[in-house]
Amino acid sequence: MASHLHTITFDALDPYAQARWWSEVLAVPMSDDDHPGDPEALLRTHHGDVLFVQVPDAKTVKNRAHLDLQPSDRPRDEEYARVLQLGAVLVDDQRCPDGTGWVVLADPEGNEFCVLRSAAERAATS
């Protein structure tokens with residue numbers, strides 16, 4: 001029998017602030033049990049939980065793993081613009097002239113993640 005993904009855990013200087021930010025990005029509510037200053041904060045998504053755990057050190061090197069986000073109801077470039085407005089920072093633009101590719105961003109604590117093309121965009125170019 002295989003394992004299934006249960007929780008993705010991120011180290012964070014401020015777990016509550018990180019969870020609040022990712023709550024906006026992923027459009028999932030924060031738990032009523034989470035409060036500013038808590039050492040942990042949890043988001044429940046349809047694909048598993050995202051947990052933010054307080055650590056004393058800031059991120060200093062590139063992630064060894066990262067999240068790839070695929071917008072469900074808008075094109076990649078609109079989602080990219082929305083996430084930038086929420087406070088993400090552009091790390092690397094891998095979009096190609098033919099519309100393929102992705103954008104690498106960083107969250108408020110510097111964790112990299114990618115915004116991919118939507119399923120509709122992929123279907124239109126396959």
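**Around N111 and helix α1**

Biologist: Where does N111 lie in this fold?
Modeller: Helices (H or I, at least four residues) and strands (E, at least two) are DSSP runs, numbered from the N terminus. Two strands flank N111, namely β6 (103-106) and β7 (112-115). That puts N111 in the loop between β6 and β7.

Biologist: Thanks! What should I know about the model itself before we go on?
Modeller: This is a predicted model, in which local features need pLDDT of at least 70, side-chain atom pairs count only at pLDDT 80 or more, and totals for chains, interfaces and linings use all residues. Residues are numbered from 1 along each chain as its sequence is written, and side-chain values use heavy atoms, with hydrogens and water left out.

Biologist: Is N111 buried or exposed?
Modeller: Buried means under 20% relative accessible area, exposed over 50% and partly exposed in between, with a 1.4 Å probe and protein chains only. The relative accessibility of N111 is 8%, so N111 counts as buried.

Biologist: Which residues does N111 contact, beyond its neighbours within four places in sequence?
Modeller: Contact means heavy atoms within 4.5 Å. One of the partners, Q18, belongs to helix α1. With neighbours within four places left aside, the full set for N111 is F10, Q18, K59, N63, L105 and A106.

Biologist: Why does Q18 count as buried?
Modeller: Q18 sits in helix α1, and its contacts beyond four places in sequence are A12, F52, D107, P108, E109 and N111. Q18 counts as buried because its relative accessibility is 2%.

Biologist: What span should α1 have, given its 12 residues?
Modeller: The expected span of a helix is 1.5 Å times one less than its number of residues. The end C-alpha atoms of α1 (15-26) are 16 Å apart. This agrees with the expected span, which is 16 Å.

Biologist: Which elements do the buried residues of α1 pack against?
Modeller: The buried residues in α1 are P15, Y16, Q18, A19, W21, W22, S23 and V25. They pack against strands and a helix: β1 (7-12), β2 (40-45), β3, β4, α2 and β7.

Biologist: What phi does A27 take?
Modeller: A27 comes just after α1. Its phi is positive, at about 55°.

Biologist: Which element gives the most to the largest nonpolar core?
Modeller: A nonpolar core is a set of buried Ala, Val, Leu, Ile, Met, Phe, Trp, Tyr and Cys residues joined through side-chain atoms within 4.5 Å. The largest one here has 22 residues, and those with the most contacts inside it are W21, W22, L43, F52, V83, L105 and F113. Two or more residues each come from β1, α1, β2, β3, β4, α2, β6 and β7. With five residues, the top contributor is α1.

Biologist: Which residues does L105 touch, not counting those up to four places away in sequence?
Modeller: L105 is among the residues with the most contacts inside the largest nonpolar core. It also meets our starting residue, N111. Beyond four places in sequence, L105 touches Y80, V83, L84, A88, V89, L90, V91, N111, E112, F113 and V115.

Biologist: Let's visit another loop. Which residues does V55 contact, leaving aside neighbours within four places in sequence?
Modeller: V55 lies in the loop between β3 (48-54) and β4 (67-69). Its partners beyond four places are D11, A12 and L13.

Biologist: And what distance separates the C-alpha atoms of V55 and L5?
Modeller: Along the chain, V55 and L5 are 50 residues apart. In space, their C-alpha atoms are separated by 23 Å.
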